Amino acid sequence: MEFSLRYTARDFTAELPASEYTARFRDAGRIGGYCRACPNYGNSWGCPPFGFDVGEYLSGYASALLIATKIVPEERGIPLSESKRLILPERLRLEERLLEMERLYGGRSFAYVGTCLYCPEGSCTRPTGEPCRHPDKVRPSLEACGFDIGRTTTELFGMDLKWGTDGRIPEYLLLVCGFFHNAESVVWDK
Ligand code: SF4
């Protein structure tokens with residue numbers, strides 16, 4: 001059966017001191033446990049374990065801008081197997097914009113969690129120990145750095161993460177990205 005993958009997407013933003021976001025929402029032990037149970041763990045350069053100290057990687061930034069993108073499919077009952085195709089255009093838009101934010105303001109961006117977008121699926125160089133083909137584009141997710149995204153969406157955006165039921169996509173999807181920076185102010189173009 002064919003499903004329409006038309007949807008509306010809206011970005012919501014929240015900004016707070018980076019130290020406060022880290023103190024309130026980072027739980028590296030618990031969230032790291034979820035990462036270790038994921039098949040991507042150690043199999044993509046965008047996923048942990050990282051070859052750098054994550055605490056250090058996060059430090060040195062005054063502000064944390066969080067972006068929650070709410071995707072509302074026009075059609076209800078879309079199979080969960082279609083979720084990657086539904087999300088892909090928004091992931092591409094968000095990752096391009098995050099890299100643009102780095103160019104504009106300096107700082108460090110955190111992409112939406114998931115399979116890396118920049119090589120054909122299953123061809124990441126990490127399992128063979130070769131360097132990443134696109135280190136200029138690949139950014140870790142907030143989850144990969146130990147942040148609790150469920151609490152982030154609930155407490156900073158007033159929206160709960162939704163999970164599919166009966167193999168169907170929920171009424172909306174939320175993608176959460178971040179940008180840590182030292183600029184006086186930044187503008188996220190929606
Ligand atoms: S760009 Fe390619 S090599 Fe680098 S993390 Fe992504 S899939 Fe792996």
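Visitor: What volume does the largest pocket have?
Guide: The model is predicted. Helix 2 (28-36), helix 4 (83-105), helix 5 (149-157) and strand 4 (173-181) each give two or more residues to the lining of the largest pocket. The volume of that pocket is about 1,400 Å³.

Visitor: Which residues lie nearest the centre of the largest pocket?
Guide: The lining of the largest pocket comprises 49 residues. By class, 30 of them are nonpolar, nine polar and 10 charged. Nearest the centre lie Tyr112, Val113, Gly114, Thr115 and Glu143.

Visitor: Which element gives the largest share of the lining of the largest pocket?
Guide: Four elements give two or more residues to this lining: helix 2, helix 4, helix 5 and strand 4. The largest share is seven residues. Its source is helix 4.

Visitor: In what order do the elements of the chain run from the N terminus on?
Guide: The chain has five helices and four strands. Start at the N terminus and read along the chain. The order is β-α-α-α-β-α-β-α-β.

Visitor: Why is the chain as compact as a globular protein of that length?
Guide: The C-alpha trace spans about 50 × 40 × 30 Å along its principal axes. For 190 residues the globule rule gives 16 Å. The chain counts as compact because its radius of gyration is close to that, at 17 Å.

Visitor: What percentage of the contacts between residues at least 6 apart in sequence join residues at least 24 apart?
Guide: Buried residues make up 41% of the chain's 190 residues. For contacts, take the pairs at least 6 apart in sequence. The part that joins residues at least 24 apart is 82%.

Visitor: How many disulfides does the count come to?
Guide: A disulfide is a covalent bond between the sulfur atoms of two cysteines. The cut-off for the sulfur pair is 2.5 Å. The sulfur of Cys145 is too far for a bond, because its closest cysteine sulfur, in Cys35, is 8.8 Å away. The count comes to zero.

Visitor: Is Cys145 buried or exposed?
Guide: Buried means under 20% relative accessible area. Cys132, at 23%, counts as partly exposed. Cys145 has a relative accessible area of 2%, so it is buried.

Visitor: Which residues is Phe157 in contact with, leaving aside neighbours within four places in sequence?
Guide: Phe157 lies in helix 5. Its relative accessible area is 14%, so it is buried. Its C-alpha atom is 23 Å from that of Glu96, 61 residues apart along the chain. The contacts of Phe157 are Phe12, Thr13, Ala14, Leu66, Ile67, Ala68 and Thr152.

Visitor: Which residues does Ser63 touch, not counting those up to four places away in sequence?
Guide: Ser63 lies in strand 2, residues 63-73. At 18% relative accessibility, Ser63 counts as buried. The residues touched by Ser63 are Glu15, Leu16, Pro17, Ala18, Phe179, Phe180 and His181.

Visitor: Which residues does a cis peptide bond join?
Guide: Most peptide bonds are trans. Here one bond has an omega of about 0° and is cis. One partner, Pro49, lies in the loop between helix 2 and helix 3 (54-58). The joined residues are Pro48 and Pro49.

Visitor: What phi does Asp166 have?
Guide: Asp166 is in the loop between helix 5 and strand 4. With a relative accessible area of 75%, Asp166 is exposed. Most residues other than glycine have a negative phi. Asp166 is not a glycine, yet its phi is positive, about 55°.

Definitions and conventions: Residues numbered from 1 in each chain as written. Predicted model: local features only at pLDDT ≥ 70, side-chain atom pairs only at ≥ 80, totals over all residues. Heavy atoms only, no water. 1 Å grid on protein atoms, 1.4 Å probe; cavity = no way out; pocket = protein on both sides within 12 Å on 5 of 7 lines; lining within 4 Å. Points joined across faces, edges and corners; volume = space filled by probe spheres on them. Nonpolar A, V, L, I, M, F, W, Y, C, P; charged D, E, K, R; others polar. Buried < 20%, exposed > 50% of the residue type's maximum accessible area, 1.4 Å probe, protein only. Rg over C-alpha atoms; globule rule 2.2 N^0.38 Å. Contact = heavy atoms within 4.5 Å.
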